[in-house]
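Please brief me on the ligand site and the helix packing in this model. Keep it short.

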Amino acid sequence: MADVPQDILSEIANLERLFTVDTAKLKEVTEQFIVELKEGLEGKGNIPMNPSWVMNFPDGEETGRFLALDMGGTNLRVCEITLVDEKGEFDIIQSKYRMPEELKKGNAEELWDYIADCIEQFIDSHHEEEKDSLEVLPMGFTFSYPATQTYIDHGVLQRWTKGWAVDGVEGEDVVPQLEAALRERNLPVTVAALVNDTTGTLIASGYTDPAMRIGCIFGTGLNGAYLETCGNIPKLAHMNLPPDMHMCINCEYGAFNSKGNHPVLPKTTYDVMIDEQSPRPGQQAYEKMLAGLYLGEVFRLTVVDLHDNKNILFPNQNIDAFRTPFCLDASFLSFIEEDPFENLSETQDMFLDKMKIHANKPELELCRRLAELIALRAARLSACGIAAICKMKGFDSCHVGADGSVFNKYPHFKQRNAQALREILDWPKGKKDPVVVSSSEDGSGVGAALIAALTVKRIKEGVTYGIRDVSKFGAPEKIAVPEEKGATGSIDTEKAKEGKPQ
Ligand code: GLC
């Protein structure tokens with residue numbers, strides 16, 4: 001950077017100070033993370049730690065035909081998954097539908113109508129002939145937002161995240177809302193399980209890998225899930241579940257450090273602005289600094305500040321193309337980081353094409369370093385959630401299944417994240433990493449279908465705690481419920497049908 005002028009060089013140094021997270025900070029964040037994970041299990045604090053009523057990994061013997069619905073941020077995906085007789089094998093057909101932006105801020109009825117229409121289209125195009133004779137398909141519904149689940153086929157939306165703000169859903173159970181729209185269309189589909197994408201990722205990855213302990217998403221949003229034992233979940237104590245029974249916890253750790261007396265997140269003024277201008281200020285503090293949805297926005301706000309207030313970037317040029325909130329997504333940053341040319345000519349062309357800006361070499365250097373710093377901060381800080389679960393659970397070595405656009409597509413993310421884990425967990429140099437984060441199986445498709453399959457299997461076996469509607473799939477004769485700590489008893493099917501907590 002010999003030919004970079006002094007003011008740009010000192011601004012780069014300033015940005016480095018702002019965005020760099022050193023090892024000591026990573027460790028401090030991780031320690032506070034452990035505190036908040038534990039508080040969540042007690043029903044307090046920032047992190048919801050939602051029990052998901054997924055109690056174990058599939059054993060590969062599950063069979064049958066299932067639907068999976070993934071209500072993602074950009075697309076809606078409907079899959080039909082047939083778990084075949086060969087252990088661990090499956091067939092999948094799937095269709096994608098665009099998720100219109102306006103639905104994300106519309107009302108509940110429009111949302112569920114649109115989703116039910118997509119499912120109808122899917123069934124029409126894949127089962128036209130047998131539509132009327134089709135047996136009811138159990139569906140795993142990947143709903144990747146924080147939901148309180150008293151049962152697996154139930155989920156009250158706690159609050160929208162990732163910029164969604166659909167009216168009439170927060171505080172409501174989303175399962176009957178979707179099922180009503182399915183019924184109106186006479187569709188042979190019923191929701192067997194409401195699944196978070198992290199839970200789906202954990203279960204799908206654990207299907208093929210016995211060392212799998214944590215599922216996480218680094219995408220539009222950020223979150224993780226792991227299997228806890230019920231004895232370690234004080235907020236479920238009143239349910240008298242067997243203490244050694246497993247329960248998958250959807251942490252919803254994007255909410256880490258949102259409020260409270262121990263703020264540890266190294267927020268910049270840009271992070272504060274993102275939060276203040278979001279539909280839900282004061283929530284999802286960790287996610288808003290790191291997740292894919294926000295990376296482009298941090299970059300945009302920094303560029304606007306360096307132009308408007310410091311006169312460092314693009315003086316005397318019109319930067320209106322940078323003024324629309326969220327006009328840049330994470331792919332803008334990854335494009336800059338991936339520019340193979342020393343003179344950053346691809347970045348220069350992109351600035352001209354997309355932003356109508358003539359960027360000179362020093363300005364390009366600054367933008368490149370800024371993109372790198374924002375993404376590096378995200379990769380490093382997001383290791384804290386994983387490290388905290390590992391430390392809290394004593395996972396000295398394990399596999400972590402990860403999914404999401406940032407993990408799968410952002411250049412160097414995996415290496416940067418792994419490096420941060422090494423620093424936090426103090427692994428000796430030169431040895432193989434004991435905790436490895438790698439790309440997972442398709443959690444919101446196969447994972448959701450497997451969880452639907454596990455639910456139907458549990459009903460057939462009479463193990464029905466955490467299932468609201470056992471009648472949907474043929475209720476068993478006897479239903480096992482825990483009567484007191486550590487014991488298992490049975491109640492009659494009628495009572496279970498009434499939906500008593502079990
Ligand atoms: C947000 C959602 C969470 C989801 C994550 C990744 O944090 O609240 O449920 O798992 O995004 O998609």
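The points below cover the ligand first, then two helix pairs.

This is a predicted model: local features need pLDDT of at least 70, side-chain atom pairs count only at pLDDT 80 or more, and totals for chains, interfaces and linings use all residues. Residues are numbered from 1 along each chain as its sequence is written, and side-chain values use heavy atoms, with hydrogens and water left out.

**Ligand shell**
- The ligand has 15 residues around it (a heavy atom within 4 Å). T161, N196, D197, E252 and E287 come nearest.
- Four shell residues are nonpolar, seven polar and four charged. Here Ala, Val, Leu, Ile, Met, Phe, Trp, Tyr, Cys and Pro count as nonpolar, Asp, Glu, Lys and Arg as charged, and the others, Gly among them, as polar.
- Helix α5 (197-208) and strand β10 (222-229) each supply at least two shell residues. Helices (H or I, at least four residues) and strands (E, at least two) are DSSP runs, numbered from the N terminus.

**Ligand contacts and burial**
- A side-chain N or O atom of E287 is 2.4 Å from a ligand oxygen.
- For the side chain of N196, an N or O atom is 2.7 Å from an oxygen of the ligand.
- L222 uses a backbone N or O atom, 3.5 Å from a ligand oxygen.
- The protein buries 98% of the 310 Å² that the ligand exposes when taken alone (Shrake-Rupley, 1.4 Å probe).

**Helix packing**
- α3 (108-126) and α4 (174-184) pack at about 55°, axes 9 Å apart. Axes are lines fitted to C-alpha atoms over the stretch in contact, and angles run from 0 to 180 degrees between N-to-C directions.
- That makes α3 oblique to α4. Under 35 degrees is roughly parallel, over 145 roughly antiparallel, 65 to 115 roughly perpendicular, and the rest oblique.
- α12 (383-393) and α14 (413-425) cross at roughly 40°, their axes coming within 9 Å. The two are therefore oblique to each other.

Conventions: A polar contact is a pair of N or O atoms within 3.5 Å; within protein, one must be able to donate a hydrogen and the other to accept it, and residues adjacent in sequence count only if both atoms are side-chain atoms.
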